[in-house]
Amino acid sequence: MSSFLSQQVPLSWYLLLSAALFSLGVVGFLFKRNLITVFMSIELMLNGVNLSFVTFAHQWHAVKGQIFVFFVMMVAAAEAAVGLAIIIAVFRARATLAVDRIDLMKL
Amino acid sequence: MHVILFAVFAGFCLAGAINLLLQSHPINSALSLIVVMTSLAVLYLMLGAEFLAIAQVIVYAGAIMVLFTFVVMLLNAGREDRTLGSRAALRIGFPAVVAFLAVIATMILHAQGLGQASLNEAITTTEELSAVLFTKLLLPFEVTSVLILIAILGAVALASRSEGQEERTGGK
């Protein structure tokens, strides 16, 4: 009990949280049926990976990990803008957001 | 104190992520994703990344999620019909995710030399970060700004109606 109430948190807890967030993102990507929610799951996966980058930057006292997260954020912003524009274009063409019904390229 | 803060905000993170999966309306999923991102910002601050915590709030919880909620409202996305997806996702995907999580968790728990995080450690200031970013990594930084510019142009080109399309819809 005293170790639980101590001042320090093991970094492995942060890594476990990041792995759990990533896995929940993958589950959402596989099982959600709405195009926008699938896209949100991808953002969740990116966030999970970012957390492990920050954790390792703390572990090695290095700035590089944080700079990597900065670049991931910038690319995620660009990706969100283009992805949402694609979603709008798809909605105009097919009038639906259900991924089951966007099957033009299916054999 | 650190343990309590970690427990609270990690709990918010996991609850938000699970709520994202359980909600059937996209706007509820978007709002729970905002909860996840804001509590991740607090976790970054606890790990000593002050600039990233602020950038997480401004860029992710601010800009990106506002874009998401705008698109959800613009497209008037209703409830999603609940199907369990393809059988491949259910039979291969879900066990694969569980196996992946199990492997990663055992690797993390058996890893040697992982340190501890406490509240009274030195934080990485914005000054240190920018010193590296604007000297060693100036070229990648500028390339990122070009990438953002191209993304803006691409988003506008994709989302705006082309003239021919407008004529077609106008003729109907």
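What pattern does chain B follow when read along the sequence? The answer is α-α-α-α-β-α-α-α, built from 7 helices and 1 strand; helices (H or I, at least four residues) and strands (E, at least two) are DSSP runs, numbered from the N terminus. This is a predicted model, in which local features need pLDDT of at least 70 and side-chain atom pairs count only at pLDDT 80 or more, while totals for chains, interfaces and linings use all residues. Residues are numbered from 1 along each chain as its sequence is written, and chains are lettered from A and ligands numbered from 1 in the order in which they are written.

Confidence comes next. Chain A has a mean pLDDT (the predictor's confidence in each residue, from 0 to 100) of 88, with 94% of its residues at 70 or more. Among the elements of chain A, helix H2 (residues 35-60) has the highest mean, 93, and strand E1 (residues 9-10) the lowest, 84.

Now for the interface. Here 61 residues of chain A are in contact (C-beta atoms, placed from the backbone, within 7 Å) with 72 residues of chain B. On the chain A side, E1, helix H1 (11-31), H2 and helix H3 (64-94) each supply at least two residues, and H3(A) gives the largest share, 20 residues. That side splits into 46 nonpolar, 12 polar and 3 charged residues; Ala, Val, Leu, Ile, Met, Phe, Trp, Tyr, Cys and Pro count as nonpolar, Asp, Glu, Lys and Arg as charged, and the others, Gly among them, as polar. E1(A) also pairs with strand E1 (residues 116-117) of chain B, antiparallel over 2 bridges, where pairing takes at least two DSSP bridges between the strands. In this arrangement Val9(A) sits opposite Ala117(B).

Within chain B, 25% of the 172 residues count as buried, meaning 20 or more other C-beta atoms within 10 Å of their own (exposed is 12 or fewer, partly exposed in between, with C-beta atoms placed from the backbone). Helix H2 (residues 26-46) of chain B is mostly covered, with 15 of its 21 residues buried. From first C-alpha to last, H2(B) reaches 30 Å, close to the 30 Å expected (1.5 Å times one less than its number of residues). Just after H2(B), Gly48(B) takes a positive phi of about 85°.

Most residues other than glycine have a negative phi. His61(A), in the loop between H2 and H3 of chain A, nevertheless has a positive phi of about 50°. Ala95(A), in the segment after H3 of chain A, has one of about 60°.

Key. Contact = placed C-beta atoms within 7 Å.
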